[in-house]
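Biologist: Could you take a close look at one loop residue, and then lead me outward from that residue to the parts of the model around it? I would like one connected account.

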Amino acid sequence: MRGKHWWRDRWVWAIVARLLAIAFGTVLTVAAGHPREAAAVAALLVLIAVVGVLPGVAEPGRWWLPVAESVAAALVVGALVPAGPAFVPYLLLPLVRAGLDSGLRAVAMSFCATGAVLALTALAPADTAGRPLTVPLYWLPVLAAAGAVAAWARRVLRVERPLVEPAYADAHRLLSELYLVARHLSLGLDPHTLATALVEELQGLAEGARATVLIRSAAGRFVPVVGEAPNPLTESVVLDAWVAADLVRRGRSGVTVLGLPVLMGERVVAVVVLSDATGAQSLSDESVAACRAAIAQAGPRLASALLFDDVRRLATVDERHRLAREIHDGIAQDMASVGYQIDDIASDATSEVADRLHGLREHLTTLVAELRLSIFDLRAGVDETVGLARTLGDYVQRVGSQSGLVVHVSTDESPHRLPLATEVELLRIVQEAVTNVRRHAGAANLWLTVVVDPPRARVTVADDGRGLSAPRPDSVGITGMKERATRIGASLSVRNRSEIDPTARGTVVEILLEPSRGTTRSNLTVTDARGSDDMTHLPGGSTGGETT
Amino acid sequence: MTGVQEQITVLLVDDHQLIREGLRRAFDRAGDVEVVGEASTVAEAVDALHRLAPRVLVTDVKLPDGDGIALAEKARKSTPALGVVVLTMYAGDDKLFAALDAGASAFVGKDAPAEEVVAAARHAAANPRAFTARDLADAMQRRMNAPAGPKLSPREREVLELLVDGLAISQIARRLYISESTAKTHVANIYEKLGAGNRAQAVMAAVRLGLVERHTE
């Protein structure tokens with residue numbers, strides 16, 4: 001009954017069962033001396049059986065089919081019951097089918113239909129020979145029971161009867177879940193949230209230890225999703241745990257460091273580092289076993305989140321590039337060619353018209369330049385071989401100078417990297433902020449500061465333009481920036497610079513990534529050596545990078 | 001090549017017909033320039049270059065069957081005296097520097113007036129080997145101002161200094177109280193960051209970039 005075309009097999013069985021029932025009734029009725037009625041009932045039932053069970057008509061799941069078959073069969077059997085009570089068993093079959101195909105409700109409907117039709121046929125004129133006018137009453141519970149048993153069997157069988165190949169069924173279920181989560185709980189499936197939950201769980205299991213979750217970037221570096229960037233000791237532990245796909249324990253000068261791979265099947269997707277500087281008590285065999293169990297459970301979840309993150313990023317990049325292509329090959333070229341036409345007309349025009357055309361040409365040049373920048377924005381990405389500060393600096397320099405802004409860049413970047421997804425969002429936020437400055441601020445100077453010390457980062461974009469006093473038409477842009485910041489667990493503020501320094505003009509957009517904010521344990525991260533005082537003062541206008 | 005005067009012959013390569021028409025009209029207006037051919041793909045352009053032997057190639061960066069900058073590079077190699085003007089709708093500095101590296105004579109954005117393209121073609125005919133672009137100076141400055149290249153962690157800096165001093169990895173490990181495998185990881189990271197393949201290259205790069213003090217013997 002199973003296999004690829006299980007229902008086709010069932011169709012064969014259904015026909016065989018019906019033919020047997022008909023044959024049984026025919027033989028008994030003929031034996032009772034009613035060959036003509038037997039032939040009539042048999043012919044009608046064969047017709048019903050064939051039409052009712054025919055593949056094509058009889059797709060499983062059409063609940064009304066068994067009901068219709070019940071009605072038709074009950075009519076025939078009921079009307080001719082005086083001749084052949086032996087055909088009554090046939091009535092069992094539509095009910096069984098209702099149960100197997102559609103469940104209890106279809107059984108109930110078929111049963112009611114059968115009962116009603118039999119009751120109606122019983123009203124027909126009495127038979128002269130004094131034979132019973134209707135189906136014996138004891139058949140009713142038998143019919144009901146058969147249907148009920150079939151419905152129960154359906155429930156049991158259904159589990160073992162996958163309609164789709166199991167791999168696809170699983171994949172589809174997983175994707176549906178991802179889809180739901182992604183739609184309704186956009187923060188539920190990001191690696192950061194999941195990793196934070198895991199870290200908190202582990203720190204509960206191994207009291208006193210510090211946990212970090214690291215993933216491997218495409219460039220081969222280990223990047224903390226949660227927790228501190230690795231020091232040389234943890235880095236070597238992480239590397240070994242990654243390669244061995246097994247627990248690695250190492251200790252030096254009182255510090256015990258454990259590397260635990262997070263596995264999805266055979267594959268390592270991340271490494272959890274547990275370190276304890278207080279002595280080895282928190283990392284007893286018992287608590288380590290508990291941590292391993294927790295990590296084993298979290299593995300598939302984290303792997304899915306990382307994968308989903310990748311998929312989302314790829315899809316986004318794809319779409320951005322497609323848009324860039326569309327603008328590049330379409331509207332931008334058309335507008336450029338209009339510009340050339342204006343140049344052409346202006347060369348033949350009278351000086352007065354030429355002056356006006358000149359103004360139009362300037363406007364058009366600005367528009368095409370804007371389109372060029374839009375294409376540039378859409379294509380800009382994060383290069384894993386170049387630091388984030390460099391990427392942001394290059395971008396701001398390029399775009400700022402095109403708009404006549406004097407650009408000041410000040411960076412302080414550790415060699416460790418932030419997760420790629422975070423870096424991409426930071427770039428997009430800076431793009432949006434710089435676009436706002438270019439379009440609305442009327443500024444002369446633009447300051448960009450980038451401080452990256454994973455897992456912390458601070459990026460500010462400041463200008464000396466007209467500030468936020470007038471309600472800006474681009475509040476949507478600010479909303480977008482806030483959404484992006486939320487996605488990476490950062491806070492974003494847009495303020496007038498006068499709030500910090502009463503003599504300053506313009507706006508400052510600040511993105512602050514401070515993971516310790518989100519966690520309750522104060523001993524989770526070491527104190528930020530840079531302190532926050534240094535982080536809130538605005539750049540005076542230093543240019544170029546400074547080394548750590 | 002009608003020879004009234006020394007005409008500048010131009011081959012126009014762009015897949016947008018309206019762009020080609022607009023530029024052709026601008027060249028016609030100029031008087032001293034003659035558009036001898038048009039092409040919309042790299043293949044057509046290669047063929048036309050052979051057939052028409054123009055003095056100047058004006059090409060878009062993005063062509064349906066390839067890259068205009070690669071085309072420019074190839075054409076420049078086979079015809080050293082060819083003037084090459086690269087047109088673009090892209091705004092990134094990378095295209096400008098790619099055109100410079102390919103040996104182009106001029107780089108013009110498509111937002112610029114047609115006269116600028118004509119002027120670039122004249123320049124290309126006169127000085128095919130001298131690169132000009134409107135925001136070349138800006139771009140150069142941006143490149144200079146870009147935050148410095150490789151950044152080493154304090155630990156990597158220590159390892160690098162010992163590398164430069166000529167210590168073996170096992171000695172470095174002992175000196176810094178780290179395991180040999182950790183020292184190896186640091187060295188590998190240093191190589192990666194400096195784009196070096198071996199110790200000598202790493203030391204050279206480190207000295208060149210000013211990452212370590214030059215040792216005077």
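Modeller: Ala245(A) is found in the loop that joins H9 to strand E3 (248–252) of chain A, where helices (H or I, at least four residues) and strands (E, at least two) are DSSP runs numbered from the N terminus. This is a predicted model, in which local features need pLDDT of at least 70 and side-chain atom pairs count only at pLDDT 80 or more, while totals for chains, interfaces and linings use all residues. Residues are numbered from 1 along each chain as its sequence is written, and chains are lettered from A and ligands numbered from 1 in the order in which they are written.

Although Ala245(A) is not a glycine, its phi is positive, at about 55°. Ala245(A) counts as exposed, because 12 C-beta neighbours lie inside 10 Å; a residue is buried with 20 or more other C-beta atoms within 10 Å of its own, exposed with 12 or fewer and partly exposed in between, the C-beta atoms being placed from the backbone.

Chain B offers a counterpart in Ala53(B), which is likewise not a glycine and has a positive phi of about 45°. Its place is the loop between helix H2 (42–52) and strand E3 (56–60) of chain B, and with 13 other C-beta atoms within 10 Å, Ala53(B) is partly exposed. Strand E3 of chain B, which follows that loop, leads to Val58(B), which touches Val10(B), Leu11(B), Leu12(B), Val13(B), Val85(B), Leu87(B), Val117(B) and Ala121(B) once residues up to four places away in sequence are left out. Contact here means that the C-beta atoms of two residues, placed from the backbone, lie within 7 Å.

Back at the loop of Ala245(A), the helix on one side is H9, and that helix, H9 (232–244), is among the elements of chain A that each supply at least two residues of the side touching chain B. The others are helix H11 (331–348), helix H12 (351–379), helix H13 (388–402), strand E6 (406–413) and strand E11 (544–545), and H11(A) gives the most, with eleven residues. In full, the contact between the chains takes 43 residues from chain A and 36 residues from chain B.

What does H9(A) meet in H9(B)? Pro232(A), Leu233(A), Glu235(A), Ser236(A) and Leu239(A) of H9(A) meet Ser181(B), Thr182(B), Thr185(B) and His186(B) of H9(B). The axes of H9(A) and helix H9 (residues 180–194) of chain B come within 9 Å and cross at roughly 95°, so H9(A) is roughly perpendicular to H9(B). Axes are lines fitted to C-alpha atoms, for helices over the stretch in contact, with angles from 0 to 180 degrees between N-to-C directions; under 35 degrees counts as roughly parallel, over 145 as roughly antiparallel, 65 to 115 as roughly perpendicular and the rest as oblique.

Another helix on the side facing chain B, H12(A), also packs within its own chain, against helix H10 (residues 285–329) of chain A, at an angle of about 160° and with the axes 8 Å apart. H10(A) is therefore roughly antiparallel to H12(A). To this contact H10(A) brings Arg320(A), His321(A), Leu323(A), Ala324(A), Ile327(A) and His328(A), and H12(A) brings Leu371(A), Ser374(A), Ile375(A), Leu378(A) and Arg379(A).

Further along chain A there are two more local details. The peptide bond from Pro454(A) to Pro455(A) is cis, with omega near 5°, and Pro455(A) sits in the loop between strand E7 (445–453) and strand E8 (456–463) of chain A. Ser491(A) belongs to strand E9 (residues 491–496) of chain A and counts as partly exposed, having 13 C-beta neighbours inside 10 Å. Apart from neighbours within four places in sequence, Ser491(A) is in contact with Ala485(A) and Leu512(A), and its C-alpha atom is separated by 8.0 Å from that of Glu510(A), 19 residues apart along the chain.

As a setting for these details, chain A comes to 16 helices and eleven strands, and buried residues make up 41% of its 548 residues. Of the contacts in chain A with a separation of 6 or more, 69% are accounted for by residues 24 or more positions apart. Chain B has ten helices and eight strands, buried residues are 44% of its 217 residues, and among its contacts between residues at least 6 apart in sequence, 59% join residues at least 24 apart.
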